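Please open the structure in your viewer and keep the selection tool at hand. The tour below goes from stop to stop, telling you what to select and what is there.

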Amino acid sequence: MNWYVLYVKPQTEKKVASALEKIGVEVFCPTLEEVRIWSDRKKKIRVPLFKSYVFVRLNSTDRQQVFAVHGVVRYLFWLGKPAIVRDEEIAAIQNWLSDDAVTEVRVCAYQPGTEVKIASGHFKGQKGVVQEVGRKKLKMAIKSLGVIVEARLKDLVN
C-alpha cells in the first residue's frame, strides 16, 4: 500500500477526508489550528496545511474508489505516474504537527523580494534576491556579483 496525493476542490479538504474514511480509505489531511478574527469575535479553527491536497493510503488497484467521493478532482502526478509519498515523509509531517516545540508551520512559494541562497551549481553559496518566479526556475539578482541568474527551484535554500 502506498500513500498517494489527491487534488480536491478548494476548501473541501476536511469534508473529502471524512467521506473517504467512511468508505474505508486510510486518509491523512494535516491541519493547523489558526485564530481567525472577525469584526465581532475571534475563533480558533482547524485549517488544512496543504490547500486542496489530501493524502490517501491504498493499493494501486483500488485507486479508482476515491472518485466515488464528491470533491475529489484527480491524483497528483509526477513524471506521468500518480505521485507516491514515502511513509517517512508522512511520518515527518505528523511529527512536525505533534511537536510542541514547533510553534508555526507555513507552506509558501518563493515570492519576488525573498532572499535565497544557491545550494548547488556554479554559484553555490551565493545569496540573491528573487526577481521573477516560474514553474521550475526563477530569476534572482546576485548583488555581490552584479548579475541576474536563472536558477532551478531545487537548487535553492531559503
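What follows is a walk through a predicted model, with stops at aromatic rings, charged side chains and paired strands.

**Aromatic rings and a charge above them**

Begin by selecting Tyr4 and Tyr75, whose ring centres lie 5.8 Å apart with the planes at 75°, so the pair counts as edge-to-face. This pair ties together distant parts of the chain, since Tyr4 belongs to strand S1 (residues 2-8) and Tyr75 to strand S6 (residues 72-75), with the two positions 71 residues apart. If you colour by accessibility, you should find Tyr4 buried at 3% relative accessibility, and Tyr75 is likewise buried at 3%.

Add Phe50 and Phe55 to the view, and you will see another edge-to-face pair, with 5.8 Å from centre to centre and 85° between the planes. Of these two rings, take a moment over Phe55, which is buried because its relative accessible area of 6% falls under the 20% limit. In total, the structure holds five aromatic pairs.

Now return to Tyr4 and Tyr75 and select Phe67 as well, because these three residues form one aromatic cluster under the ring-centre limit of 6.5 Å. Which ring has the charged end of Arg63 over it at 5.7 Å from its centre? It is the ring of Tyr4, and when you turn the view to Tyr75 you will find that Arg63 lies over the face of that ring too, at 5.4 Å from the ring centre.

**Charged side chains that pair**

The next stops concern contacts between charged groups. Side chains of opposite charge can pair when their charged atoms come close. How many salt bridges does the count come to? The count comes to seven, and several of them can be visited in turn.

Select Arg36 together with Glu34, whose side chains meet in a salt bridge with 3.0 Å from N to O. Arg36 is partly exposed, with a relative accessible area of 34%, and Glu34 is also partly exposed, at 31% relative accessibility.

Move on to Asp40 and Arg41, which form a salt bridge whose closest N and O atoms are 3.1 Å apart. Are the two partners buried, partly exposed or exposed? Asp40 is exposed, with a relative accessible area of 58%, whereas Arg41 counts as partly exposed at 44%.

Then select Arg86 and Glu89, where a salt bridge brings the closest N and O atoms to 3.8 Å from each other, and where Glu89 is partly exposed at 33% relative accessibility. To finish this part, highlight Glu33, Lys44 and Arg46 together, as these residues are linked in a network of salt bridges.

**Three strands side by side**

For the last stop, switch to a cartoon view and select strand S11 (residues 127-133) with strand S12 (residues 137-142), which pair in the antiparallel sense over four bridges. A hairpin of three residues joins S11 to S12, and across this pairing you can pick out Val129, which stands opposite Ala141 in S12.

Keep S12 selected and add strand S13 (residues 147-152), for S12 and S13 also pair in the antiparallel sense, here over six bridges. One position to mark in this pairing is Ile142, whose bridge partner in S13 is Val147. With side chains switched on, you may wish to follow a strand along its length, bearing in mind that in a regular strand the side chains alternate between the two faces of the sheet.

Conventions:
Residues numbered from 1 in each chain as written. Predicted model: local features only at pLDDT ≥ 70, side-chain atom pairs only at ≥ 80, totals over all residues. Heavy atoms only, no water. Salt bridge = Lys/Arg side-chain N within 4 Å of Asp/Glu carboxyl O. Buried < 20%, exposed > 50% of the residue type's maximum accessible area, 1.4 Å probe, protein only. Phe/Tyr/Trp six-rings, centres within 6.5 Å; stacked < 30°, edge-to-face > 60°. Lys NZ or Arg CZ within 6 Å of the ring centre and 35° of its normal. Pairing = 2+ DSSP bridges.
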